[in-house]
Amino acid sequence: MSDVVPPEVRPKPVVPAKPSNVGAPSPSIPIGTHGPNLAISHAVGHGLGSTLLGYIGIDTIIEQMRKKTMKTGFDFNIMVVGHSGLGKSTLVNTLFKSHVSRKSAGWARDEKIPKTVEIKAVSHVIEEGGVKMKLTVVDTPGFGDQINNDNCWEPISKYINEQYEKFLKEEVNITRKKRIPDTRVHCCIYFISPTGHFLRQLDTEFMKRLSHSVNIIPVIAKADTMTLEERQEFKQRVRKELEVSGIEFYPQKEFDEDMEDKSDNDKIREAMPFAVVGSDKEYQVNGKRVLGRKTAWGIVEVENPNHCEFAQLRDFLIRSHLQDLKEVTHNIHYETYRAKRLNENGGLHPISSSDTQESNL
Ligand SMILES: Nc1nc2c(ncn2[C@@H]2O[C@H](COP(=O)(O)OP(=O)(O)OP(=O)(O)O)[C@@H](O)[C@H]2O)c(=O)[nH]1
């Protein structure tokens, strides 16, 4: 196992406002310099607003953005990392209620454990309510499965940086694409073995090294293999270990934008890591079809919050934070990579594969 990672000092890039803030009313300070009926802001640069004397339709930006997103769709790239057999493929299939994993895409042929960590990306277009999402699932077979797992985070770090590099190259092109294809990893779900003991050194090593270049969401895999008490105790222990090791998982405290954000995210952080169960099989329970795992003692319902925390993970990942994951990737992780790349050698020069590997920001 390699040496402990020294703490890094990172400049905190500016976190831009979330799109939900667009169109929100700013404090209105009427400046009546043009007679009693006019209220115009002269101090745009100072953030002063104005009282509107009638409806002008600024709030339609939300509908305009919705229509644009409906037309163009969006990219979302999710990476899964963890020992083989921890349920990575099953969980992504469960999350997106479709067969989106590497294995579902026919990669299952090579069931044997690869000699080094391999990176395999599979893309699918998923459509719901008229909105198209190009989902790419990046799988990392071989992670932690070798006798010697030293530096097995390296190929993963290299892949993440290569995607930033690709995006950067497109961005600095004189004639660039209207829409740069986004292959950057927006989220990395890290699967913790349900041992009930402690995190392994590899777990902390991986999260420590990668948490500055990608949004890491740790989950406790196969939660149905632990009793409720064991699960609670293990969660607490893992949380403590993450804290003691100084691992910043997503949503990172330092990027909370305001008090509301902080209070919502605190609740999520306190509930993490979510103890999840995955399944792509449906069963009939009380007259309803539910995703579950059939055991000799009954059916573990994946989406039942009394059975596991899958629904919490799904709500957080897809229903409340998907856009934020993309924004933090762009505004923080990519920005850090970009600034470093543009600063080094006084500009953008071709990068060697060893550079992307070592560029563990
Ligand atoms: N008990 C239990 N078994 C699960 C769960 N999720 C998946 N499994 C089972 O575990 C086995 C491995 O699941 P996969 O989803 O293929 O695991 P993986 O991590 O993708 O495996 P590799 O691709 O080999 O790394 C399968 O038999 C699944 O049915 C779970 O939440 N609980």
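**A tour of the strands around β5 and β8**

Begin by selecting strand β4 (residues 187-192) together with β5: the two run parallel and are joined by five bridges. The model on display is a predicted one. Within this pair, locate Ile192, which stands opposite Ile220 in β5.

Next, add helix α4 (residues 201-210) to the selection. With β4 and β5, helix α4 makes a β-α-β unit, and this unit is right-handed.

Now restrict the view to strand β5 (residues 216-220) and show its surroundings. Five of its five residues are buried, so the strand is largely enclosed by the rest of the structure. Colour the two faces separately: Ile216, Pro218 and Ile220 lie on one side, with Ile217 and Val219 on the other, and both faces are covered.

From β5, proceed to strand β6 (residues 274-275). Two bridges join β5 to β6, and these strands also run parallel. At Ile220, the bridge partner to select in β6 is Ala275.

The next stop is a pair of hairpins. Select strand β7 (residues 282-285) and strand β8 (residues 288-295), which pair in the antiparallel sense over four bridges. Glu282 can be displayed here with Leu291 of β8, which it stands opposite. The hairpin formed by β7 and β8 has two residues between the strands, and Asn286 in the turn has a positive phi of about 50°.

Finally, extend the selection to strand β9 (residues 298-301). β8 pairs with β9 in the antiparallel sense, over four bridges. Show Gly292 and its bridge partner in β9, Glu301. β8 and β9 likewise form a hairpin, with two residues between them.

Definitions and conventions
Residues numbered from 1 in each chain as written. Predicted model: local features only at pLDDT ≥ 70, side-chain atom pairs only at ≥ 80, totals over all residues. Pairing = 2+ DSSP bridges. Buried ≥ 20, exposed ≤ 12 C-beta atoms within 10 Å, placed from the backbone. Right-handed = clockwise from strand over helix to strand, strands pointing away.
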